[in-house]
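Q: I am new to this structure and would be grateful for a close look at a single helix in it. Please explain how that helix is placed with respect to its surroundings.

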Amino acid sequence: MEPKKNPKANVGRNSSLYFAIGLALMLFLTNFAINFKTYDKVNVDIGMVSMDEELDEEIPITNQLQTPPPPPPPPAAPEVIEVVEDEEEVVETVIESTESNQEQKIVKVEAVKVAPSIEEDVEVPFAVIENVPVFPGCEGGDNNAKRNCMSKKIQDFVNKKFNTDLAGELGLSGRQRINVIFKIDKSGEVVGIRARAPHPGLEKEAARVIGMLPKMQPGKQRGKAVTVPYSLPIIFQVQD
């Protein structure tokens, strides 16, 4: 017996495809339904400002304190008027005139002699004086050359005249230092000798040697002779 059903009309052969399409469609609709949102539409006019809701500020009522007026000033004390009797004598001051007349004699005023001004003894340091004192034999050269020549001449003079054996005789040993300060006055003489040493004997010997320095040409500042202080250290080693 031949089947009555047409083989081409078989619906079950594409059932899996239809199932997949239906399943995808249902998932899409489910997802859309879950994520669906709605918003309330509210008409807001930002161009208008409502002043109805503004709170009314209550201003407290303050009472102004009225200060009482200041008290009136006390009445001034009455002035005491002293009555002077007419019998009291008033001494009048008589001012004598200082104008001279022809009867007065003119007193001659003798001329007063003015004592000559005493020039101050100005001291200018050796390092800054314009024209340094000139030691004999140091006349040539400029100011710096004369300064160096003078220092060397004084050093050589002291080394030649100083008794270095004196320290050993005084019981001293080692390195000895004597600081000597003296001045070259406006006439070129050596004055004001002062010495400081570890022993008074060395001070006396240093003063003796410096006092033997020859007379020099005085130092000048602005063309005038001035006093120039000079310091000299004397250092020597005592041989044991």
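A: The account below begins with the whole chain, turns to helix 2, and then follows the strands that help to cover that helix.

The model is a predicted one. Its protein chain has four helices and five strands, and from the N terminus on these elements run in the order α-α-α-β-β-α-β-β-β. Of the 240 residues in the protein chain, 18% are buried. Among contacts between residues at least 6 apart in sequence, 69% join residues at least 24 apart.

Helix 2 comprises residues 143–161, which is 19 residues. From its first C-alpha to its last, helix 2 reaches 27 Å, close to the 27 Å expected at 1.5 Å a residue. The buried residues in helix 2 are Arg147, Met150, Ile154, Phe157 and Val158. Seen down the axis of helix 2, the buried residues fall within an arc of 100°, and therefore they line one face of the helix. The face turned away from this buried side carries Asn148, Lys152, Asn159 and Lys160, which are exposed.

What, then, covers the buried residues of helix 2? The cover includes strand 1, strand 5 and helix 4, the last of these spanning residues 200–211.

Two of these covering elements, strand 1 and strand 5, are also paired with each other. Strand 1 (residues 174–184) and strand 5 (residues 228–238) run antiparallel and are joined by eleven bridges. One of the paired positions is arginine 175, whose bridge partner in strand 5 is glutamine 237.

Strand 1 pairs with strand 2 (residues 190–196) as well, again in the antiparallel sense, over five bridges. Here asparagine 179 has arginine 196 of strand 2 as its bridge partner. The hairpin of strand 1 and strand 2 has five residues between the strands, and within this hairpin glycine 188 takes a positive phi near 95°.

A last point concerns the loop that leads to strand 5. Threonine 227 is found in the loop between strand 4 (224–226) and strand 5. Threonine 227 has 2% relative accessibility and so counts as buried, the cut-off for that term being under 20%. Apart from its neighbours within four places in sequence, threonine 227 is in contact with Asp121, Val122, Glu123, Val124, Lys183, Ile184, Asp185 and Lys186.

In summary, helix 2 has its buried residues on one face and exposed residues on the face turned away from them, while strand 1, helix 4 and strand 5 are among the elements that cover the buried residues.

Methods
Residues are numbered from 1 along each chain as its sequence is written. This is a predicted model: local features need pLDDT of at least 70, side-chain atom pairs count only at pLDDT 80 or more; totals for chains, interfaces and linings use all residues. Side-chain values use heavy atoms; hydrogens and water are left out. Two strands pair if DSSP finds at least two bridges between them. Helices (H or I, at least four residues) and strands (E, at least two) are DSSP runs, numbered from the N terminus. Buried means under 20% relative accessible area, exposed over 50%, partly exposed in between (1.4 Å probe, protein chains only). Contact means heavy atoms within 4.5 Å. The expected span of a helix is 1.5 Å times one less than its number of residues. The arc is that of the directions from the helix axis to the C-beta atoms.
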